[in-house]
2 protein chains.
Amino acid sequence: MRPVSIVGIGQIPVQKQTPQTLRQMAAQVVHLAMADAEVERVDALFAGNMLGDELQGQKHVAALIADEAGLAGVEALDVRAATGTGAAALRMAYLAVASGEADLAIAVGVEKMSDGVPTPVLAKALDAEQEVVNGDTLIGKNAEIMRLYMQKFDVPEDGFVNFALNAHGNARNNPNALFKDKEVTREMVLNSRVIQYPLRLFDSSPICDGAAAVVLAPTEEARAYSPNPVKILGAGVATDRFRVFDRADPLFLEASHLSALKAFRHANVHRRDVDFFELHDAFSIMAALILEAVGYAKQGEGWRLAQEMRIGLDDDIPIATMGGLKARGHPIGGTALYQTCEIVLQLTGRAGPNQLSHPEIAMMQSVGGAGATIITHIFGI
Amino acid sequence: MRPVSIVGIGQIPVQKQTPQTLRQMAAQVVHLAMADAEVERVDALFAGNMLGDELQGQKHVAALIADEAGLAGVEALDVRAATGTGAAALRMAYLAVASGEADLAIAVGVEKMSDGVPTPVLAKALDAEQEVVNGDTLIGKNAEIMRLYMQKFDVPEDGFVNFALNAHGNARNNPNALFKDKEVTREMVLNSRVIQYPLRLFDSSPICDGAAAVVLAPTEEARAYSPNPVKILGAGVATDRFRVFDRADPLFLEASHLSALKAFRHANVHRRDVDFFELHDAFSIMAALILEAVGYAKQGEGWRLAQEMRIGLDDDIPIATMGGLKARGHPIGGTALYQTCEIVLQLTGRAGPNQLSHPEIAMMQSVGGAGATIITHIFGI
């Protein structure tokens, strides 16, 4: 397998509601990423979009984006893993270049959640026959997990507050973040509306529009395209029992653990080598569970990393360095591509006021549904 | 890139309406294919399903199938290309093994079209903003193309009849074909109901339920799993302008031409080396256009291959040897995996009464939408 690097990135500001259409957003970031890599063609395009079937009445999105971007003719396929869809598109672009089938591949992720009511569409990431039929949604499921977690591990009411404060603080310096202009205080988080008990507004990532893309090339050719290539050192995808309550321990994300192990082995990297971790903080409880599953905290203690503020830019394991899903925003199909762009900026010293001190290895994790699919990528310079 | 072979196949009879659920159908063919390869685990599973979002209210299908099949933990991702979705899943499984990321990968395709009204959902393969909004459907679009084609090339009313007769004749000997028990005559085809002028019932593939799967392994290990491995010699995916009437020539399938060229080059095979061709006869006009785009007939003369009956089992270029989309059935996500299973049976001398005489090279083509994505695979022994 030949090593693969990122040689171009493209992202646009996440917005509550953009005047652009889905295809326009996607074509724009494809152009931005290709311009960044200084290429006028690619061999393959892999598109991640979760909600277009319902919100835009549109399937076959990869071919549509290819045409809109002026790339008709190119190989183009749709790839998905529910709410982890962006990382699935990155995974496939990686396989295309690693295999030698493509010399240049683009992974693009896009979501326009403002075209309708996304919550019931997002719920289709859960089991239609045995969960959705009983009224489950992703919000409800995360609230339930959070309640069990807080009860079992005796977590105080303010145990998760710093997940939101860290994310919102970091978003202030990210020009592409949805909440870049919003100053968020501890009081705002603590007093925010309860969406489903015990999950509050500030425990949840926002509904929004966004798109991002990256161009991949063989590492051995990467510097021909970019003065700042970033290597994909390893990746791993794992699944778990589909329904949370079929799992031996509903409070342990086995797929996070397994996919991280695969990626670590592939990259020959230990979790202690990781300088920062763009994790899937769609809900603050997910951030805590991921930190535990990957091994940064013992079970039941992931929330303490936030409470003791060991997740900031200068701390033990920086997370959500550009705002995370919570405050940059979580335009589903686009999310992991935003994370990838942010990781590239951090690893190449271009992250602006949030720049970490000489990071060399970054980790990214993306969650499909309530943890049934989890995708890990490890990046390095 | 390491060569890849098929080492296991699994298919179940296509039915008008199966009592099984989507996930049950898929898990069954996964088990059949794994049993055929005599393996108890795989490294990755790629699922093709086009209509589940709407018809089953279910996304995240790959992880659901993995769990239902008892494979929770495995890498599992959803892959799509509208009506060519099954071939997209095969493509990704191929990339996973070719790259070395997986040693054993399964591609599974499934569709349960009987759970609702599929026609408007299928139409989402077209442009929601500029085609569907004007009342376009895949049936309507194919009828329009057929009308233009018949007019431009002066095709008689009975010009396409043998596409249906050949497919239905071959389906009689395929135990998995939807229409295995139906005897179809020239008169039945000619007098069948006009669905949209000039497209008749027998010009269209049926709505149905079905699932099929194949297991892929590195060619260098293939005989450890199967006494009858079949090589994937090459593959190519190409797109075209998304909307038919944006194309320079709406009657030429550029993506068929391009993807076939890619696959031929990759496989180092000429179209004259191809012993039979499982093409995408979702509509008889598509069969004619594909035969032209790949080079088996001049433009405007693809239908003559049918009229002169040069497409039968003993003829120049056998197509739909086990019934094709027309008569085996076209359960969208499953279709290309059925085609792949049939190709494996033909190439290994296990196709029963329809067995071709010592075929060595087979070609498969799958169409997304009205030709915006076309995927070609070349197989050999």
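Which residue of β3(B) is the bridge partner of A:V79? It's B:V79, and that pairing belongs to an antiparallel match between β3(A) and strand β3 of chain B. Bear in mind that this is a predicted model. Here's a quick tour of the chain A–chain B contact, followed by one helix pair inside chain A.

**Where the chains meet**
- Counting residues in contact, chain A puts in 49 and chain B puts in 49.
- On chain A, the elements that each supply at least two residues to the side touching chain B are α2 (52–55), α3 (61–68), β3 (75–80), α4 (85–99) and β8 (230–239).
- The top contributor to that side is α4(A), which gives seven residues.
- Sorted by class, the side of chain A that touches chain B comes out at 25 nonpolar, 13 charged and 11 polar residues.

**Strand pairing across the chains**
- β3(A) lines up with β3 of chain B (residues 75–80) in the antiparallel sense, and the pairing runs over three bridges.
- A:V79 and B:V79 are bridge partners in this pairing.

**A helix pair within chain A**
- Helix α1 of chain A (residues 22–36) packs on α3(A) at an angle of about 65°, and the two axes sit 9 Å apart.
- The crossing of α1(A) past α3(A) is right-handed.
- From α1(A), the contact draws on A:R23, A:Q24, A:A26, A:A27 and A:V30, while α3(A) brings A:L64, A:I65 and A:E68.
- That α1(A)–α3(A) contact has five nonpolar residues, two charged ones and one polar one.
- α3(A) also turns up among the elements supplying the side of chain A that touches chain B.

Notes. Residues numbered from 1 in each chain as written. Chains lettered and ligands numbered in written order. Predicted model: local features only at pLDDT ≥ 70, side-chain atom pairs only at ≥ 80, totals over all residues. Contact = placed C-beta atoms within 7 Å. Helix = DSSP H or I, 4+ residues; strand = E, 2+ residues; numbered from the N terminus. Nonpolar A, V, L, I, M, F, W, Y, C, P; charged D, E, K, R; others polar. Pairing = 2+ DSSP bridges. Axes fitted to C-alpha atoms, helices over the stretch in contact; angles between N-to-C directions. Left-handed = near helix turned anticlockwise from the far one by under 90°.
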